Amino acid sequence: MASMLQPQIILLKEGTDTSQGKAQVVSNINACTAVADTVRTTLGPCGMDKLIHDDKGGTTISNDGATIMRLLDIVHPAAKILVDIAKSQDSEVGDGTTTVVLLAAEFLKEAKPYIEDGVHPHSLIRSYRTAGHLAIEKVKELAVSIEGKSLEEKKSLLAKCAATTLSSKLIGGEKEFFAPMVVDAVLAIGNDDRLNLIGIKKVPGGTMRDSFLVNGVAFKKTFSYAGFEQQPKKFLNPKILLLNIELELKSEKENAEIRLSDPMQYQSIVDAEWNIIYDKLDKCVKSGAKIVLSRLAIGDLATQYFADRDIFCAGRVAEEDLQRVAAATGGTVQTSVNNVVDEVLGSCEVFEEKQVGNERFNIFSGCPSGQTATIVLRGGADQFIEEAERSLHDAIMIVRRALKNSTVVPGGGAIDMEVSKYLRQHARTIAGKSQFFVNSFAKALEVIPRQLCDNAGFDATDVLNKLRQKHASGEGANYGVDILTGGIADSLANFVWEPAVVKINAINAATEAACLILSVDETVKNPKSESAQGDAAASAMGGRGRGGAAMRGRGGRGMRRR
């Protein structure tokens, strides 16, 4: 008895906040559920958008899960895990970011009553891992391959995938217009994995339907000097020279000192400077190039020189655009104009400078390598165009994944219901408590079709009952929520498709996140370490004495607030 009354030995600094045990796990689950509730209403074709206003006064309107999670500035350490899985889903697959957050939160929600009843988290984690593995195997089994189809068929199938992704976005009304455009852009870059080869340029004004795809490169007219207007604005089959050098009169950079005995010598020094630039320009002209692009400035002397010889030039071209021109035209960026051979020059069928809205665009089309494409986006408000760009990014990623992995699954919650049914049946074959946990995992998967119904304003219970009955009959594996009528429909027949990799990745990441959060039973938080930066700043300012103490005001527990 005496040993029980001994004072507790505390090894942590004063002010450290610790919370542990069952209450900590439940608290983490509640935090994750609260985060998921924020993005819950953005799921599906009838999902709502969020307007996020930051401290700098900027506004973002989006229903892209990853964008919202990134902008929310979440401080709860466990809830940050959901932000990470949304980011990983976005970078790996490009779409399904809201799905992965909802699934993770629902797995945790289903686990909460068991934790409160005293079940050890590791029993749940074991069952969840098993269920997650079985679910992924089932998705692979149900996936339909689009391999071996002709190019036209493949294009049509990929456009269906893009349309399914775009249907839940702000530009969902124009999905028939944008889906083929996205497919053409992805097919244009071929097997190259670099996403930056598809450029998206935003020009305010006009309608969404004024957007167009350039099978090549387009970029805004760069800053140009006098003499620019005399240059030709259109070429057929021109040679293109890409440079990374300045074509300007250079003043002496170093503090050079030259002693002259004759005033005529000074003139020769001035002439040397002009001779250097003229020599460079002459070599550019002799290369046979009709278009000269440089990452650095092309000055007024060079601009005028090229204009007199019917050559088009543009300086200060963005690095990304120059690399895309190189990839498309087959040219190579040069760091010198000496010995420019034909092999390093690029070419294209048509180059023209065109007016798009208020901007002038330099457009290279019909490029031989063809490994790049540019989508020029039009629209009313800046926020609208920004969201359209995010939507197209998701669609581009999805088409790339479908092209690479070439297996698709029915959308609209169909695959979730089928996997849920399969896991419920599997649960009955398990003896022991694990049966409950696998059943809960199966129930959690139903959150996707339920949320699709809620967001569309339909009766979720009624629709889910119809879906369960259809899937249980053994013939309705492809049946999901019909957003148009509020009933159920064959998703595969209605072309509501998504790549299998989206679902596999989402289930994988959500299970992982749920297991990770369930395995945490203690959070240790030391306010002093948080204010260490403040202390460092105070000491740097020389506040060694009372100044330093004042900066540490929030550190201790017993400091009074005034």
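In this predicted model, Val408 has Pro499 as its bridge partner in strand S19. That pair belongs to a set of 3 bridges joining strand S16 to S19, and the two strands run antiparallel. S16 covers residues 407–410 and has another partner as well: strand S4 (residues 144–145), with which S16 pairs in the antiparallel sense over 2 bridges. Here the bridge partner of Ser145 is Thr407 in S16. As a bit of background, strands in a sheet are held as pairs by backbone hydrogen bonds, and the pairing can be parallel or antiparallel.

S19 also turns up around the largest pocket, where it is listed among the elements that give two or more residues to the lining, along with helix H4 (97–116), helix H6 (151–167), helix H7, helix H14 (447–456), strand S18 (488–490) and helix H16 (500–518). H6 gives the largest share of that lining, with 7 residues. In total, 47 residues line the largest pocket, and those nearest its centre are Pro45, Thr164, Ser167, Gly412 and Val496. The space inside comes to about 880 Å³. As for chemistry, the lining is a mix of 19 nonpolar, 17 polar and 11 charged residues. Where does the largest pocket lie relative to domain 1 and domain 2? Domain 1 (17–145 + 413–519) and domain 2 (151–211 + 378–405) both give residues to the lining, so the pocket lies between them.

Helix H7, already met in the pocket lining, also packs against a sheet. The sheet in question is open and has 3 strands in the order S5-S15-S6, with mixed pairing. Its edge strands are S5 (198–204) and S6 (212–214), each of which pairs on one side only. From one strand to the next, the twist averages 20 degrees. S6 is joined by 3 bridges to S15 (residues 373–379), and these two run antiparallel. Within that pairing, Leu213 has Ile375 of S15 as its bridge partner. Two helices lie across this sheet. H7 (residues 175–188) lies across S5, S6 and S15 and runs at about 155 degrees to S15. Helix H11 (residues 382–405) lies across S5 and S15, running at about 160 degrees to S5.

Another open sheet is built from 4 strands, in the order S11-S10-S9-S12, and its pairing is mixed too. Strands S11 (312–314) and S12 (346–347) stand at the edges with a single partner strand each, so one side of each has no neighbour in the sheet. In between, strand S9 (residues 239–243) and strand S10 (residues 291–294) run parallel and are joined by 4 bridges. Leu243, for instance, stands opposite Ser294 in S10.

Strand S14 (residues 359–365) has pairings of its own. With strand S7 (residues 216–220), S14 pairs in the antiparallel sense over 5 bridges, and Lys220 stands opposite Phe361 in S14. With strand S13 (residues 350–356), S14 shares 7 bridges, again running antiparallel. In this case Glu353 is the residue that stands opposite Asn362 in S14. S13 and S14 form a hairpin with 2 residues between them, and Gly357 in the turn has a positive phi of about 65 degrees.

Finally, there is the question of enclosed space: how many cavities of 30 Å³ or more does the model hold? The count comes to 1. The largest cavity has a volume of about 70 Å³. Its lining is made up of Phe223, Ser224, Tyr225, Phe228, Ala297, Ile298, Thr303, Cys313, Ala314, Gly315 and Arg316. Sorted by type, these residues divide into 7 nonpolar, 3 polar and 1 charged.

Technical notes:
Residues are numbered from 1 along each chain as its sequence is written. This is a predicted model: local features need pLDDT of at least 70, side-chain atom pairs count only at pLDDT 80 or more; totals for chains, interfaces and linings use all residues. Side-chain values use heavy atoms; hydrogens and water are left out. Two strands pair if DSSP finds at least two bridges between them. Axes are lines fitted to C-alpha atoms, for helices over the stretch in contact, and angles run from 0 to 180 degrees between N-to-C directions. Contact means heavy atoms within 4.5 Å. On a 1 Å grid over the protein atoms alone, a cavity is a set of points where a 1.4 Å probe fits but cannot get out, and a pocket is an open set with protein on both sides within 12 Å along at least five of seven lines; lining residues have an atom within 4 Å of a point. Grid points are joined across faces, edges and corners, and a volume is the space filled by probe spheres set on the points. Ala, Val, Leu, Ile, Met, Phe, Trp, Tyr, Cys and Pro count as nonpolar, Asp, Glu, Lys and Arg as charged, and the others, Gly among them, as polar. Domain bounds come from an automatic or database domain assignment.
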